[in-house]
Every structure is written in structure tokens, then in C-alpha cells.
Amino acid sequence: MAEPKYTTETVLSVRRWTPKLFSFTMTRPSGLRFTAGQFARLGVEPGGGEAPVFRAYSIVSSPFADTLEFFSIVVPDGAFTSRLQHLKPGDTVLLEKIPYGFLTLARFQQPAPRDLWLLATGTGLAPFLSILQDFDVWKQYRRIVLAYSVRTEDELAYKTEITDIAATFGENGAEFRFLPIITRDPEAALHQRFPALVADGGLEQAAALSLRPDRSHIMLCGNPAMVEDTRQALMARGLTMNRKGVGNIAVENYW
């Protein structure tokens with residue numbers, strides 16, 4: 001009989017940020033290796049003898065952490081999250097044995113690393129939290145900008161953790177700016193969507209840093225419409241898609 005392609009892991013903790021956003025930690029199998037920015041495929045068993053349902057989830061945790069952390073949105077009537085949202089410590093989750101994805105810094109070869117822009121909406125923040133928990137990233141870049149767009153302020157998950165990560169991993173390293181964007185609050189310092197902020201220069205002004213083809217590495221993760229529209233806005237500014245190690249813009253397509 002073929003060896004299962006997944007392991008069964010135990011949920012250790014669950015944190016509910018809003019009624020529709022939650023994160024959880026679980027055990028990490030000793031043989032799992034991944035690169036910051038990659039995603040895993042998690043599974044739940046529907047019961048009734050049906051095959052497990054698997055979905056892709058970017059990994060929040062550092063590649064060096066003893067446990068695994070994931071950040072999820074509740075999809076109404078979703079075959080996966082409708083079950084996952086009720087997780088509690090002690091429950092089990094299936095984990096495929098190999099990681100996936102290419103939203104990693106290794107893909108950037110030219111231009112040389114100078115400025116790193118991490119642009120996320122919603123749970124697309126997850127891979128960037130993993131990337132920021134790597135000391136090498138802070139040594140490699142001179143400036144790092146994390147821009148995180150949500151609809152309302154209560155959806156700004158991990159605010160404290162982002163500050164702690166920057167203090168812990170970024171000490172004596174790259175200059176860091178965290179830019180929260182709240183699209184449904186016209187009083188927020190930044191409230192436009194990413195494509196508009198790129199097009200009118202608002203993102204650069206807030207970051208006190210220019211987007212430049214000769215020095216900017218830009219990663220996009222979030223809902224597909226944001227990724228596509230922001231990609232187009234960046235290309236209109238003269239930035240290019242990263243292919244075979246050359247170019248400015250990298251995106252993940254697992255949604």
C-alpha cells in the first residue's frame with residue numbers, strides 16, 4: 001500500500017481576530033522543511049467515508065519555528081473553512097508532506113536586493129510574516145516596507161506581532177516601515193486601494209521611498225483582483241514581472 005502523502009497534526013491554539021478571521025497553530029512534523037513565503041496544503045476529513053478536502057494556506061511561522069501557524073478567513077458554506085473555523089486545541093488537521101510555491105526571495109536575482117516591498121490584503125499577510133522572521137532578509141535589504149490593506153480597523157491582524165518581529169529580527173538591519181491601509185475608513189491616513197496608491201504615488205509618499213526598476217523588489221499576495229490590478233499599476237510605472245530571476249514583481253497564484 002502506498003505511503004500517505006500527508007501527516008496528521010494536532011491543533012495547539014486558536015486565535016479569533018474577528019468573526020471572519022482566525023489563526024491557529026499546530027504541531028510541525030520533524031521532516032517538514034520549507035522556505036519563507038511558501039504555502040502548505042491542509043486537509044480536513046468531511047466524514048461519512050468521503051475523501052479529505054485540502055486547501056492551500058501560506059505559512060505564517062518562521063522556517064525555524066517548532067510549530068506551524070496559519071491565518072484563515074471564513075468562507076460561508078465553504079467545504080473547508082466551514083469546518084476549519086470550529087477548530088479547537090486538540091483537534092487534528094491533515095498536512096501534506098511537501099511545501100509549495102515560489103513567493104520566496106530566492107526568485108529575485110536582478111536587480112540586486114536594495115528595497116523590498118511586501119503588499120498584502122487580508123490573509124495574504126501570512127507569507128510576509130514568515131519572510132520577516134528570517135534574519136537574512138533584514139541583512140540582505142536596506143529598506144523593507146510592509147503595506148497591509150484591510151476593510152476595517154478590526155481586521156488589522158498581527159499589528160503587535162509585526163512590531164515585535166521588526167524589533168527582534170530587524171535590530172541593526174534594514175530600515176522598516178509598516179503601512180496599514182483601511183479602505184472603508186476615509187479618516188485613515190491611507191484608505192485608497194493599492195492600485196490607486198501606486199498610480200498616484202501615495203504609497204511611495206507614505207513609505208518615504210520610491211518604486212524604482214533598478215532597486216525595487218515587490219511581492220503581492222491577497223485576493224486575485226487586487227493582485228492583478230496592482231500588478232498592472234506597477235507595470236504602468238515601468239516595473240516588470242520577475243521571470244527567471246530578472247524583474248521587480250512577484251506574485252503567488254494558489255487562490
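This note goes through the predicted model from the whole chain down to single residues.

1. Overall make-up. The chain, in this predicted model, contains 7 helices and 11 strands. Its C-alpha trace extends over about 55 × 40 × 35 Å along the principal axes, and its radius of gyration is 18 Å, which agrees with the value near 18 Å that a compact globule of 255 residues would have.

2. Inside and outside. Of the 255 residues in the chain, 52% are buried, while the surface that the chain exposes comes to about 12,300 Å², with carbon and sulfur atoms supplying 51% of that area. As for charge, there are 27 positive and 27 negative side chains, and the centres of these two sets are 5 Å apart.

3. Contacts across the sequence. If one takes the contacts between residues at least 6 apart in sequence, 73% of them join residues that are at least 24 apart. One pair of residues that can be looked up in the structure is Ile131 and Leu105, which are separated by 26 residues in sequence and by 8.2 Å in space, counted from C-alpha to C-alpha.

4. The two faces of helix 4. Which residues of helix 4 (residues 159-169) are buried? They are Ile162, Ile165, Ala166 and Phe169, and because they cover an arc of only 95° around the axis, they lie on the same side of helix 4. An α-helix has 3.6 residues a turn, so residues three or four places apart point the same way. On the face turned away from this buried side, helix 4 carries the exposed residues Thr160, Thr163 and Ala167.

5. What covers helix 4. The cover over the buried residues of helix 4 includes two helices, helix 2 (126-132) and helix 3 (135-140), together with strand 8 (143-150) and strand 9 (175-182).

6. Ile131, a residue of helix 2. Ile131 lies in helix 2 and has a relative accessibility of 1%, so Ile131 counts as buried, the cut-off being under 20%. Apart from neighbours within four places in sequence, Ile131 is in contact with Ala36, Gly37, Leu103, Leu105, Val137 and Met219.

7. Thr104, a residue in a loop. Is Thr104, which sits in the loop between strand 6 (92-96) and strand 7 (115-121), buried or exposed? Its relative accessibility is 9%, and therefore Thr104 counts as buried. When residues up to four places away in sequence are set aside, Thr104 touches Thr35, Ala36, Gly37, Gln38 and Met219. Ala36, Gly37 and Met219 are thus in contact with Thr104 and also with Ile131.

Technical notes
Residues are numbered from 1 along each chain as its sequence is written. This is a predicted model: local features need pLDDT of at least 70, side-chain atom pairs count only at pLDDT 80 or more; totals for chains, interfaces and linings use all residues. Side-chain values use heavy atoms; hydrogens and water are left out. Helices (H or I, at least four residues) and strands (E, at least two) are DSSP runs, numbered from the N terminus. The radius of gyration is taken over C-alpha atoms; the globule rule is 2.2 Å times the number of residues to the power 0.38. Buried means under 20% relative accessible area, exposed over 50%, partly exposed in between (1.4 Å probe, protein chains only). Contact means heavy atoms within 4.5 Å. Accessible areas come from the Shrake-Rupley method with a 1.4 Å probe; for residues, only the protein chains shown count as cover. Lys and Arg count as positive and Asp and Glu as negative; His and the chain ends are not counted. The place of a charge is taken as NZ of Lys, CZ of Arg, CG of Asp or CD of Glu. The arc is that of the directions from the helix axis to the C-beta atoms.
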